[in-house]
Amino acid sequence: MRPQTSIIFDLDGTLTDSVYQNVAAWKEALDSENIPLAMWRIHRKIGMSGGLMLKTLSRETGLEISAEQAKRLSAKHASAYQALQGQIIALPGAVELLSTLTREHIKWCIATSGAMETAKINLKALDLDVKDINLITRDDVKYGKPDPDLFLAAAHKMDVAIEGCLVIGDAVWDMLAARRCKATGIGLLSGGYDTGELERAGALRVYEDPLDLLHHLDEVASRP
C-alpha cells in the first residue's frame, strides 16, 4: 500500500488573500520610521519571517535598522495589519480544500512565518479556530523561512515523516524551505510570484490558487 500524503500549508497568499495587506502594513511601519522603501521590494520578501525580512532589506538597501528599531517596526506592522483585517478573505477554494482533506482523512497543518497574533486574523477569514487545527507559527520555532524549521515542526506535530509531506506555498521562500527539508513543494500563483520563479525554487507543480489545486488534488495527493 502506498504511503499517505500529508500536507503543510503556508497561510498568507496561500489560503488567504492577504499578501498585499501585509505589504501595505510593512510600508506603513517603515514610512513611520522614515525608511523609504518601494513596495515592490517589500513584496519580494513577504513569506520570510519579519526579522529576517528586515535584515535582508537592510543589507540590500544599505539602510541601518537596529535591533530596537526592528522590534518597533514589527509592532507597528502588526498594528497596521490588524487595522486592515476587514480586507482579508479566504482565497477561492481554500475552505473547500481544507474540508475535503479533513473529510478524506488526509492530515494537514498550517505553518506560517507570522506570529500567532496575525495568524488569528487569517484563520478568522477561513472560519478556523486555533484549538481545532494543527498550527505552527513563527513563535514556535527558532528560525523562519527560508530555513525549514516551520515545516519540520509541522511534520512533527502531525507525527509524520517530512519526506512524505507536500508543502503548499505561494512564495519562493516556501519552496526553498521545502527543498531544504526534503519535502515536496507545490506552488500557488495567488501570492504574486510567477510559475518560473516557483519552479526554479523547487516547486514540483504550480497551480493558480487553492481552488485550482483542489481540482487537481489527485495529481499530487495519495489517499489513505
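## A tour from strand E1 to the salt bridges

Start by selecting E1 and strand E6 (residues 165–169), which pair in the parallel sense over 4 bridges. What you have open is a predicted model. To see how the two strands line up, pick serine 6 and look across to cysteine 165 in E6, which stands opposite.

Now keep E1 selected and add strand E4 (residues 108–111). These two strands also run parallel, paired over 3 bridges. Click isoleucine 7 here: tryptophan 108 is the bridge partner of this residue in E4.

Before leaving E1, show the side chains. In a regular strand, side chains alternate between the two faces of the sheet. Are the faces of E1 covered or not? Both are covered: Ser6 and Ile8 are buried on one side, and Ile7 and Phe9 are buried on the other.

Next stop: charged pairs. Side chains of opposite charge can pair when their charged atoms come close. There are 8 salt bridges in the structure, and we will visit some of them.

Select aspartate 10, in the loop between strand E1 (6–9) and strand E2 (16–17). Which residue does aspartate 10 form a salt bridge with? The partner is lysine 145, with the closest N and O atoms 2.9 Å apart. Lysine 145 sits in the loop between strand E5 (135–136) and helix H7 (149–158), so far along the chain that the two residues are 135 apart.

Stay on lysine 145 and add aspartate 174. Their side chains also meet in a salt bridge, at 2.5 Å from N to O. Aspartate 174 belongs to helix H8 (residues 172–180), so this pair ties together parts that are 29 residues apart in sequence. Colour by accessibility if you like: lysine 145 has 0% relative accessibility and therefore counts as buried, and aspartate 174 is buried too, with a relative accessible area of 1%. Aspartate 10 is likewise buried.

For the last stop, select lysine 76 in helix H4 (residues 67–83) and glutamate 33 in the loop between helix H1 (19–32) and helix H2 (39–43). The two side chains form a salt bridge of 2.6 Å, N to O, and the pair links parts of the chain 43 residues apart. Is each partner buried or exposed? Lysine 76 is partly exposed, with a relative accessible area of 29%, whereas glutamate 33 counts as buried at 14% relative accessibility. Finally, widen the selection to include Glu68 and Arg72: together with Glu33 and Lys76, they are linked in a network of salt bridges.

Definitions and conventions: Residues numbered from 1 in each chain as written. Predicted model: local features only at pLDDT ≥ 70, side-chain atom pairs only at ≥ 80, totals over all residues. Heavy atoms only, no water. Salt bridge = Lys/Arg side-chain N within 4 Å of Asp/Glu carboxyl O. Buried < 20%, exposed > 50% of the residue type's maximum accessible area, 1.4 Å probe, protein only. Pairing = 2+ DSSP bridges.
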